[in-house]
Amino acid sequence: CTRRDNVGALEGRQPARDDVRVNSVLIVDDENGVRDLMARWLESGGYAVTTAASAEEALGQFEAAPPAVALCDIRMPGHDGIWLAERIRQQYPETAVIMATGVHDVGPAVSTLRQGVIDYLTKPFGRDRLREAVTRGLEWHESAWDARCWRESLEQEMAIRRARLSNAIAAVEVNSEEALDSMIAMLTLADRDAYAHGHRVAALA
C-alpha cells in the first residue's frame, strides 16, 4: 500500500499500490476527436492520461497498469461502457469509474451510479466539468486505497496475534481445563475470535 508512480505487470492478482499511478486517468471512447480532446484537457492539468477506443482495449490496459480513474463512454461498438464499468468494479474495485453520456443515455447512466459509478458527464461538457469529475474520482480512489490498506493491515495484525497465541499455548503445559480457559481468557480479553481459535488449537495439541 505504498504510493509510487511505478507501474508493473499484473499476474492474475489484485493490483498493488505500486501498480497504480496516483493521478492516472484512462479515457475510453470510440470517437477519436472526443477522446483526443479530453486527453489534451486533462494532460494540460497535469494528469497522466492513456486512451482506449473500445472496452476490450481498455481491459487490456488494465491488465498492464490499472488507472486511478476510468472515464467510459456509454455507447461504443461491441461491449458498451456499462459492460466495461461492471468489469472494472468487479476486477479493479479501487479504480474510480466515471461515465460519459449523451442526453438520451441519462437514464442508463443514473442506473449505473447505483452500481459503483461515482459520476457521469452529459455530452457536450466542458474542460472544467471534466476536471471536476476527475478530481472527485481521484479523491474516491484515494479513499478506496486507504480502506483497503486498513483492512489488510488489520488482517495481518490479527494473523500475527493468533500465531503468537498458538505458539504460547503450545509451549505451556496446563494441568486442567479450568487453568487452560483462564490462560486463554487473559491473553484474548479484547479478541473473541482469537479466544475461539486458541481453544481449537488447544484441542488439537
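What share of the contacts in the chain with a separation of 6 or more comes from residues 24 or more positions apart? The share is 60%. The views below are drawn from a predicted model.

**Figure 1. Overview of the predicted chain.** The secondary structure comes to 7 helices and 5 strands. From the N terminus on, the order of elements is β-α-β-α-β-α-β-α-β-α-α-α. The chain has 205 residues, and 40% of them are buried. Its accessible surface comes to about 11,300 Å². Carbon and sulfur atoms hold 51% of that surface.

**Figure 2. The open sheet and its strand order.** The sheet is built from 5 strands in the order β2-β1-β3-β4-β5. The pairing is parallel. Strands β2 (48-52) and β5 sit at the edges, each pairing on one side only. On average, neighbouring strands are turned by 20° against each other, direction ignored. Strands of a sheet pair through backbone hydrogen bonds, in either a parallel or an antiparallel way.

**Figure 3. Met-99 and the pairings of strand β4.** Strand β4 covers residues 96-101. It is joined to β3 by 5 bridges, and the two strands run parallel. On this side, Met-99 is the bridge partner of Cys-72. Strands β4 and β5 also pair in the parallel sense, here over 4 bridges. On that side, Met-99 stands opposite Tyr-120 in β5.

**Figure 4. Helices α1 and α3 against the strands.** Helix α1 lies across β1, β2 and β3. It runs at about 170° to β2. Helix α3 (residues 81-91) packs on the sheet and touches β1, β3 and β4. The direction of α3 makes about 175° with that of β4.

**Figure 5. The two faces of edge strand β5.** Strand β5 spans residues 119-122. Asp-119 and Leu-121 form its covered face. Tyr-120 and Thr-122 form the uncovered one. Asp-119 has a relative accessible area of 9%, under the 20% limit, so it counts as buried.

**Figure 6. The salt bridge between Asp-119 and Arg-136.** The two side chains meet at 3.8 Å, N to O. Why does this pair tie together separate parts of the chain? Asp-119 lies in strand β5 and Arg-136 in helix α5, so the salt bridge joins parts that are 17 residues apart in sequence. The two ends differ in cover: Asp-119 is buried at 9%, whereas Arg-136 is partly exposed at 44% relative accessibility.

**Figure 7. A network of salt bridges around Lys-123.** Side chains of opposite charge can pair when their charged atoms come close. In this view, Asp-29, Asp-73 and Lys-123 are linked in a network of salt bridges. Lys-123 forms a salt bridge with Asp-29, with the closest N and O atoms 3.0 Å apart. This pair links distant parts of the chain, 94 residues apart. Lys-123 lies in the loop between β5 and α5 (127-171), and Asp-29 in the loop between β1 (24-28) and α1 (32-43). Lys-123 and Asp-29 are both buried. The side chains of Asp-73 and Lys-123 also meet in a salt bridge, at 3.2 Å, N to O. Here the distance along the chain is 50 residues, with Asp-73 in strand β3 (residues 69-73). Asp-73 is buried, as is Lys-123. The count for the model comes to 5 salt bridges.

**Figure 8. The largest nonpolar core.** This core has 21 residues. Those with the most contacts inside it are Ile-27, Leu-42, Leu-71, Ile-98, Leu-130 and Val-134. The elements giving two or more residues to the core are β1, α1, β3, β4 and α5. Leaving aside neighbours within four places in sequence, Val-134 is in contact with Val-25, Leu-42, Tyr-47, Val-69 and Ile-98. Apart from this core lies another, of 20 residues. Leu-26, Ala-55, Ile-74 and Val-97 are among its members.

**Figure 9. Trp-145 in helix α5.** Is Trp-145 buried or exposed? At 2% relative accessibility, Trp-145 counts as buried. Its C-alpha atom is separated by 9.9 Å from that of Ala-68. Along the chain, Trp-145 and Ala-68 are 77 residues apart.

Definitions and conventions: Residues numbered from 1 in each chain as written. Predicted model: local features only at pLDDT ≥ 70, side-chain atom pairs only at ≥ 80, totals over all residues. Heavy atoms only, no water. Buried < 20%, exposed > 50% of the residue type's maximum accessible area, 1.4 Å probe, protein only. Pairing = 2+ DSSP bridges. Salt bridge = Lys/Arg side-chain N within 4 Å of Asp/Glu carboxyl O. Axes fitted to C-alpha atoms, helices over the stretch in contact; angles between N-to-C directions. Contact = heavy atoms within 4.5 Å. Core = buried A, V, L, I, M, F, W, Y, C linked by side-chain atoms within 4.5 Å. Areas by Shrake-Rupley, 256 points an atom, 1.4 Å probe, with all protein chains shown as cover.
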